[in-house]
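Me: Can you walk me through this one? I'd like the short version, in plain words.
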Amino acid sequence: MAGESSPRDPESAPRDLRGLIVFAWLWVSAPLAYGLYELVRKATQLFTG
């Protein structure tokens with residue numbers, strides 16, 4: 001058992017699965033980042049007048 005990588009170890013993921021994981025993170029984080037940007041922009045307008 002020593003030296004075996006766990007199933008959740010990202011280094012053991014196949015190359016195509018890594019690409020899918022990166023794509024999924026971008027798919028979620030891009031709209032999230034835009035939403036947070038808009039939230040900060042509108043909250044600034046609300047509190048500064």
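Reply: Sure, one term to begin with: buried means under 20% relative accessible area, exposed means over 50%, and partly exposed is in between, using a 1.4 Å probe and protein chains only. By that rule Glu-38 counts as buried, at 16% relative accessibility.

Me: Anything I should know about where the numbers come from?
Reply: This is a predicted model, so local features need pLDDT of at least 70 and side-chain atom pairs count only at pLDDT 80 or more, while totals for chains, interfaces and linings use all residues. Residues are numbered from 1 along each chain as its sequence is written, and side-chain values use heavy atoms, with hydrogens and water left out.

Me: OK, back to Glu-38. Which residue does Glu-38 form a salt bridge with?
Reply: Arg-41, with the closest N and O atoms 2.8 Å apart. A salt bridge here is a side-chain nitrogen of Lys or Arg within 4 Å of a carboxyl oxygen of Asp or Glu, and the count comes to one. Arg-41 is partly exposed, at 35% relative accessibility.

Me: And where do Glu-38 and Arg-41 lie?
Reply: Both are in helix α1, three residues apart, or about one turn of the helix.

Me: How many helices and strands does the protein have?
Reply: One helix and zero strands. Those are DSSP runs numbered from the N terminus: H or I for helices, at least four residues, and E for strands, at least two. Helix α1 covers residues 15–48, which is 34 residues, and reaches 48 Å from first C-alpha to last, close to the 50 Å expected. That expected span is 1.5 Å times one less than the number of residues.

Me: What comes just after α1?
Reply: Gly-49, which takes a positive phi of about 100 degrees.

Me: New topic: how many aromatic pairs?
Reply: One. Phe-23 and Trp-27 have ring centres 5.6 Å apart and planes at 40 degrees, so the pair is tilted. The rule is that rings of Phe, Tyr and Trp (its six-membered ring) pair if their centres lie within 6.5 Å; planes under 30 degrees apart are stacked, over 60 edge-to-face, and the rest tilted.

Me: Is Trp-27 buried or exposed?
Reply: Exposed, with a relative accessible area of 62%. Phe-23 is partly exposed, at 49%.

Me: What about Trp-25, buried or exposed?
Reply: Trp-25 is exposed too, at 63%, and its place is in helix α1.

Me: And what share of the residues count as buried?
Reply: Of the protein's 49 residues, 4%.
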